[in-house]
Amino acid sequence: MSKVGQPFTCGIWTVRDGSEEEFVTRWTALVSSADAVPGAESFILIQDRQDPHRFISFGAWDDWTTADGWRASEAFVSAMSACRELCEDFRPNDSTLRVAIGK
C-alpha cells in the first residue's frame, strides 16, 4: 500500500504513431530491470483514452536513493534509450505522495 511521503517517479510519454505496442513492450523491459532492485515497489503504465499516443508511467519507491541508483544503472540507461527512440516527447517528473484514499 502506498504511504504519504512515498517517492514516485513519473513520465509523460508521447509516442510516435504506429509505435504504441512496441513502446509498451520496451517500457515493460525497462521497468523489469528494476525487479532485482530492493526498494522498487511497483510500476504502472497507463494510456490516454482520448490520445492513444500519450502514456503516463508511475513507479513507487521506498526512497529517492534507490530510485536514483536504478536510474544511474547501465540497464536503465540502455532500456530508457530504447523507449525514448520511439517518442516525440518525454517529460520526467519526481513526486512525493501527499494523499492516498482507497484500498
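User: In β4, which residue is the bridge partner of valine 15?

Analyst: Keep in mind that we're looking at a predicted model. Strand β1 covers residues 7–15, and β4 covers residues 87–96. These two strands pair in the antiparallel sense over 9 bridges. Within that pairing, the β4 partner of valine 15 is cysteine 87.

User: Okay, zooming out: in what order do the elements of the protein chain run from the N terminus on?

Analyst: Let's start with the tally, which is 3 helices and 4 strands. Now walk along the protein chain from the N terminus, and the order reads β-α-β-β-α-α-β.

User: How many bridges join β1 to β3?

Analyst: β3 is made of residues 54–61, and β1 and β3 run antiparallel. You can spot cysteine 10 standing opposite phenylalanine 58 in β3, and isoleucine 12 opposite isoleucine 56 in β3. Counting the bridges that join β1 to β3 gives 7.

User: And which residue of β3 is the bridge partner of isoleucine 46?

Analyst: Here we turn to strand β2, residues 40–47, which runs antiparallel to β3 and is joined to β3 by 7 bridges. The two form a hairpin with 6 residues between them. Isoleucine 46 has as its bridge partner in β3 isoleucine 56.

User: Is β1 largely enclosed or not, and how many of its residues are buried?

Analyst: A residue is called buried when its relative accessible area is under 20%. For the protein chain, buried residues make up 33% of the 103 residues. In β1, the strand is largely enclosed by the rest of the structure, because the buried count out of its 9 residues is 7.

User: What about phenylalanine 23: buried or exposed?

Analyst: Phenylalanine 23 sits in helix α1, residues 20–32. Leaving aside neighbours within four places in sequence, phenylalanine 23 is in contact with Trp13, Val15, Leu45, Phe55, Cys83, Leu86 and Cys87. Its relative accessibility is 0%, so phenylalanine 23 counts as buried.

User: How far apart in space are phenylalanine 23 and glutamate 41, C-alpha to C-alpha?

Analyst: Along the sequence, phenylalanine 23 and glutamate 41 are 18 residues apart. In space, going from C-alpha to C-alpha, the distance is 22 Å.

User: Where does glycine 69 lie, and what is its relative accessible area?

Analyst: Glycine 69 has its place in helix α2, which spans residues 64–71. Values between 20% and 50% count as partly exposed. Glycine 69 is therefore partly exposed, with a relative accessible area of 41%.

User: By how much are the C-alpha atoms of glycine 69 and glycine 102 separated?

Analyst: Glycine 69 and glycine 102 are 33 residues apart along the chain. Their C-alpha atoms are separated by 30 Å.

User: What radius of gyration does the protein chain have?

Analyst: The C-alpha trace spans about 35 × 35 × 20 Å along its principal axes. With 103 residues, a compact globule would come out near 13 Å. The protein chain agrees with that, because its radius of gyration is 14 Å.

User: Among contacts between residues at least 6 apart in sequence, what share joins residues at least 24 apart?

Analyst: The strand pairing already gives us a taste, as β1 (residues 7–15) is joined to β3 (residues 54–61). Among the contacts you're asking about, the share that joins residues at least 24 apart is 72%.

User: Last one: how far apart do the centres of the positive and negative side chains lie?

Analyst: The protein chain has 10 positive and 16 negative side chains. Take the centre of each set, and the two lie apart by 7 Å.

Conventions: Residues numbered from 1 in each chain as written. Predicted model: local features only at pLDDT ≥ 70, side-chain atom pairs only at ≥ 80, totals over all residues. Heavy atoms only, no water. Rg over C-alpha atoms; globule rule 2.2 N^0.38 Å. Buried < 20%, exposed > 50% of the residue type's maximum accessible area, 1.4 Å probe, protein only. Contact = heavy atoms within 4.5 Å. Lys, Arg positive; Asp, Glu negative; His and termini not counted. Charge placed at Lys NZ, Arg CZ, Asp CG, Glu CD. Pairing = 2+ DSSP bridges.
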